[in-house]
Amino acid sequence: MRKMIEIRIYKDSIKGFKKIALVIILTRAGLDLDPNALKRLKITVPKLGLIPWLIEAFVIAILTKYLLDLPWIWGFFLGSVIAAVSPAVVVPCLFRLRSKGYGVAKGIPTLIIAVSGIDDAASVAIHGIIQSIMFFPNAILWYQILQGPIAIVGGLGFGVLWGWLAKYVPEKGDPFMVPMRVLMLLGGGLLAVFGSEAIELGGAGPLAVVAAAFISCYFWQKQGWEVDDNPVATAFEIFWMIFEPILFGVTGAQIKIDELEGKTVYLGVSCLLAGIVIRVVATVLVGVGSNLNLKEKIFIALSWMAKATVQAALGPTALDKVDSNDPLQVYYAETVMTICVLSILLTAPAGAIIITLSGPKLLTKTTAPVAPPEGWKARRPSIRDISIINEDPDLEETANERKP
């Protein structure tokens, strides 16, 4: 009996920890959205972000339905998670390229980062809606149909209200303004996620977290805090550096390697690769008519293949909610989590390598100093920018020229 209680406490603690980690990463995503950049790229961002995201989600849903025998609702649940881009992988690589002048003239780093934020917000919203429909007990049909609109309106409404409150609480000039603003966003995010779960409207919570962070960042920017010089965002980056390895470790620990079927792994990898390839092609085609050349469109498409943070945060949520006495539901949830883990292992390192190596080859380097595009500011220093690798090919060329 005591052992069962200890196991229950452990499982509840892990669930709570995952929700806290989810709040932290979604707050980071909201704080990284630049209102000025989004306004300037108001047509390009939705076109290049949402259409390829939607295509990849549908491809994953269709392939897992016919290759892995997942029900349609589980396929779309998985597709909404897998289609998300990982800012934790993409952003540091892009800032290194931007500091060397690659793609700056056309604002390509701004475009990619803005789309990755919108992309994650879409994944969070759709994932939450599908999850609410899947696990809402004894819901009548008309209420299930209204789950989506209710979650979107409720989440956005709470997020906008909380972000607006963060403008006034604490007062500007307060000596403890930075820690108080951190607590405001963290407390509001936890309230949204745990509160939405309590009222059985889980899809609203994550969306509210992103909205609150974005709205508060918008108001703080008007008060003098630039998006890339925001101490609150730096604090959440530090939080995430602490929570990230723990979350990934806990997620990986739930995978029982000895119980994995070879068929599930092979077909899961095939679904992932097919989704990535089709998304790359779709991104290039959707970019037709823009001011980007073919090489730039290929680089943008490749940069969105990296998956990590959202998959680690949202992938295990289904396993936490299914009835453990229903082996079929447990199998579906474990399959979803397994494919999420595979996506992290395959695409996170590959995405970082591809961005770093292909950037100098596919993007145009600005040799003369240029004014940053509208909505782009000098980024705050980050510990993630530290590198022991010489990433500047110009230094190597200079060194070779000096050799006798």
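1. Aromatic pairs. Across the whole structure, which is a predicted model, a search returns 12 aromatic pairs. One of them joins F236 and F239, whose ring centres are 5.5 Å apart and whose planes stand at 80°, so that the pair is edge-to-face; the reasoning needs only the cut-off that planes over 60 degrees apart count as edge-to-face. As a general remark, a pair of aromatic rings is described by the distance of the centres and the angle of the planes. Both F236 and F239 belong to helix α10, which covers residues 231-253, and they are 3 residues apart, or about one turn of the helix. Their surroundings can be stated separately: F236 has a relative accessibility of 0% and therefore counts as buried, whereas F239, with a relative accessible area of 27%, is partly exposed.

2. Aromatic cluster and a charge over a ring. F58, Y66, W72 and F76 together form one aromatic cluster. Elsewhere in the list of ring contacts, R181 lies over the face of W225, at 4.6 Å from the ring centre.

3. Salt bridges at E56. The search of the whole structure for salt bridges finds 2 of them. In one, the side chains of E56 and R279 meet with a nitrogen-to-oxygen distance of 2.8 Å. This pair links distant parts of the chain, since E56 is in helix α3 (residues 44-67) and R279 is in helix α11 (residues 262-286), 223 residues apart. In the other, the side chains of K307 and E56 meet at 3.1 Å, again from N to O. K307 lies in the loop between α12 (294-303) and α13 (309-314), while E56 lies in helix α3, so this pair ties together parts that are 251 residues apart in sequence. Taken together, E56, R279 and K307 are linked in a network of salt bridges.

4. Burial of the network. What relative accessibility does E56 have, and does E56 count as buried or exposed? The value for E56 is 1%, and because buried means under 20% relative accessible area, E56 counts as buried. R279, at 3% relative accessibility, counts as buried, and K307 is buried with a relative accessible area of 1%.

5. Helix α3. This helix has 24 residues and reaches 34 Å from its first C-alpha to its last, which is close to the 34 Å expected at 1.5 Å a residue. The buried residues of α3 include V45, L48, W53, E56, V59 and I60, and E56 is the residue of this helix that meets R279 in a salt bridge.

6. Nonpolar surface patch. L54, F58, I62, Y66 and W72 make a nonpolar surface patch of about 510 Å². Helix α3 gives the most to this patch, with 4 residues. W72 is found in helix α4, residues 72-82, and is partly exposed, with a relative accessible area of 36%. F58, Y66 and W72, named here in the patch, are also among the members of the aromatic cluster of point 2.

7. Backbone at D69. Just after α3, D69 takes a positive phi of about 60°, and it does so although it is not a glycine. D69 lies in the loop between α3 and α4, and with a relative accessible area of 54% it is exposed. For context, most residues other than glycine have a negative phi, and most peptide bonds are trans.

8. Cis peptide bond. The second backbone point concerns the peptide bond from V169 to P170, which is cis, with omega near 0°. P170 is found in the loop between α7 (141-168) and α8 (177-198).

9. The loop between α12 and α13. A308 has its place in this loop, where K307 also lies. A308 is buried, with a relative accessible area of 4%. A308 and V341 are 33 residues apart in sequence, and their C-alpha atoms are 8.4 Å apart in space.

Note on methods:
Residues are numbered from 1 along each chain as its sequence is written. This is a predicted model: local features need pLDDT of at least 70, side-chain atom pairs count only at pLDDT 80 or more; totals for chains, interfaces and linings use all residues. Side-chain values use heavy atoms; hydrogens and water are left out. Rings of Phe, Tyr and Trp (its six-membered ring) pair if their centres lie within 6.5 Å; planes under 30 degrees apart count as stacked, over 60 as edge-to-face and the rest as tilted. Helices (H or I, at least four residues) and strands (E, at least two) are DSSP runs, numbered from the N terminus. Buried means under 20% relative accessible area, exposed over 50%, partly exposed in between (1.4 Å probe, protein chains only). A charge sits over a ring if NZ of Lys or CZ of Arg is within 6 Å of the ring centre and within 35 degrees of the ring normal. A salt bridge is a side-chain nitrogen of Lys or Arg within 4 Å of a carboxyl oxygen of Asp or Glu. Patches are made of residues with over 30% relative accessible area and no salt bridge: like charges are joined within 9 Å, nonpolar side chains (Val, Leu, Ile, Met, Phe, Trp, Tyr) within 5 Å. Accessible areas come from the Shrake-Rupley method with a 1.4 Å probe; for residues, only the protein chains shown count as cover. The expected span of a helix is 1.5 Å times one less than its number of residues.
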